[in-house]
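Thanks for coming. I will walk through one structure today, beginning with its charged pairs and ending with a residue in a strand.

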Amino acid sequence: MTAGTREFDIIVFGATGFVGELTARHLAWHAPTGVKIALAGRSQDKLEKVRARLGGDAADWGIVTADVDAPSTVDAMVARTTVLCTTVGPYAKYGEIVVGACVNAGTHYTDLTGEVLFARRSIDKFHEQAAANGTKIVHSCGFDSIPSDLGTYLLYERARADGAGTLGPTTLVIRSIRGGASGGTIASAIGLADEVTADREARRIAGRPHSLSVDPSRETPTQPGDLSVVAGASVDPSLSGSLAPFFMASYNTRVVRRSNGLLDFAYGPDFSYRETMAIPGPSAVSKVGSRVVQGALAFGMGALAIKPLRPVLDRILPQPGQGPSEKSQAKGKFIADVYSRTTNDRRYRSTIGADLDPGYSGTAVMLGESSLALALDGDAARGGATLPDRGGVLTPAVALGDALADRLRAQGFTVTVDELT
């Protein structure tokens, strides 16, 4: 399927939701002239109101009504577009029908999932068919998991170009973050907690470090734990104090390891990967703070599974479709550094960051640019042809690679790789 041969280049499905509308707004103001975009969801009236609010080039966008509870409407929707960009979650509940329709129609796909069980089922059910017909199914195109996945991929590329050997122990460090978790992310976490509580096999898959891997037998068998407190100096000599576990490590780490497998384990036989957060302050403060974060994460995961606590959580946590004000989002930012020491004992650091709320405005830019990359950058007739020529259930790094890095830089993101001395 060639871009430009369908009615639309991109359909944003779930455009009446909070992040869906943010993504549509980004596309309205930043998509190149001539890109054909439509908004999709269950209510035409709500979609028209969203379109009226967007401004930019959105006035002429199409409106498509579709509902995952009516699969034929989903089939009809995806057949009209080159790329289906969906924010309709939780994906474990709503995503499988959409992915299946896209694979059957040869329609590329992007989403924001951070749900390991959904991603695993998507791989098992659709990877081979998508690989055979050249469809790119690209999960996790937001803050989960682009900084992790693309940051590691850029390290690999730089080390290879420098002849520095392959990657060894590699660690993401969230240097700075300000912003909130979205209601959709929280709903997904609650759904995962329910499933792993009720199903032993689901619990085993969710806890396995190679749960999204291509071939676990070829992975480095020992991987760091997701809830470990780490000495900064053990990651890189430039770091001090203690590093706390990062709350999305249990998903992002699996995505990065899948990228390594999809690239035929090019990151190297000594590659391992973990994710952490910097705790500012003197060494003693960071050590205590890291332990507090560790305990809070362990308690939070357990609390989500306790159904009598749900009414309390519902009162204090954002609900799906909700999000912060524009003023609050404007204060958001994130900086993610990924450190690695290669087999030739050379040290590298990649950095991906932006002055945007990571879970909202920042994620909307990442999802929008990922969708534009799929729509435009693989089509030689439209000045593209820079994407890898492969299909399947892919990761952002493997599906989009340097094209996505270039697009994020053009949107004001910091995307760099440095050798450390």
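Before the first pair, one term: a salt bridge here is a side-chain nitrogen of Lys or Arg within 4 Å of a carboxyl oxygen of Asp or Glu. As background, side chains of opposite charge can pair when their charged atoms come close. Please also keep in mind that this is a predicted model.

With that term in place, take Asp-124 and Arg-120. They form a salt bridge, and their closest N and O atoms are 2.7 Å apart. Where do Asp-124 and Arg-120 sit relative to each other? Both belong to helix H5, which covers residues 116-133, and because they are 4 residues apart there, about one helical turn separates them. The two ends of this bridge differ in cover: Asp-124 counts as exposed at 55% relative accessibility, while Arg-120 is buried at 13%.

Now the overall picture. The protein has 421 residues, and 53% of them are buried. It contains 15 helices and 14 strands. Among contacts with a separation of 6 or more, 78% are between residues 24 or more positions apart. The accessible surface is about 17100 Å², and carbon and sulfur atoms account for 53% of that. As for salt bridges, the structure holds 20.

Another of these bridges joins the side chains of Asp-337 and Arg-175, at 2.8 Å from N to O. This pair links distant parts of the chain: Asp-337 is in strand E11 and Arg-175 is in strand E7, residues 167-178, with their positions 162 residues apart. Is Asp-337 buried or exposed? Asp-337 counts as buried, since its relative accessibility is 2% and the limit for buried is under 20%. Its partner Arg-175 has 44% and counts as partly exposed.

The next bridge runs between Arg-407 and Asp-377, where the closest N and O atoms are 2.8 Å apart. Arg-407 lies in helix H15, residues 396-410, and Asp-377 lies in helix H14, residues 361-377, so the pair ties together parts that are 30 residues apart in sequence. Both ends have little accessible area by the cut-off for buried: Arg-407 is buried at 16% relative accessibility, and Asp-377 is buried at 13%.

Bridges can also share partners. Glu-21, Arg-25, Arg-53 and Glu-326 are joined in this way into one network.

Let me turn to charges on the surface. Which residues gather in a patch of positive charge? They are Arg-178, Lys-327, Lys-331 and Lys-333. Of these, consider Lys-331, which is found in the loop between helix H13, residues 326-330, and strand E11, residues 333-342. Lys-331 is partly exposed, with a relative accessible area of 45%. Membership of a patch requires over 30% relative accessible area, so Lys-331 passes that condition with its 45%.

Last, a residue in a strand. Ser-272 is placed in strand E10, residues 272-278. Its relative accessible area is 12%, and Ser-272 is therefore buried, given the limit of under 20%. What does Ser-272 touch, leaving out residues up to four places away in sequence? The neighbours are Gly-168, Pro-169, Thr-170, Thr-222, Gln-223 and Pro-224.

That is where I will stop.

Methods:
Residues numbered from 1 in each chain as written. Predicted model: local features only at pLDDT ≥ 70, side-chain atom pairs only at ≥ 80, totals over all residues. Heavy atoms only, no water. Patch = residues over 30% accessible without salt bridge, like charges linked within 9 Å, V, L, I, M, F, W, Y side chains within 5 Å. Areas by Shrake-Rupley, 256 points an atom, 1.4 Å probe, with all protein chains shown as cover. Lys, Arg positive; Asp, Glu negative; His and termini not counted. Charge placed at Lys NZ, Arg CZ, Asp CG, Glu CD. Helix = DSSP H or I, 4+ residues; strand = E, 2+ residues; numbered from the N terminus. Buried < 20%, exposed > 50% of the residue type's maximum accessible area, 1.4 Å probe, protein only. Contact = heavy atoms within 4.5 Å.
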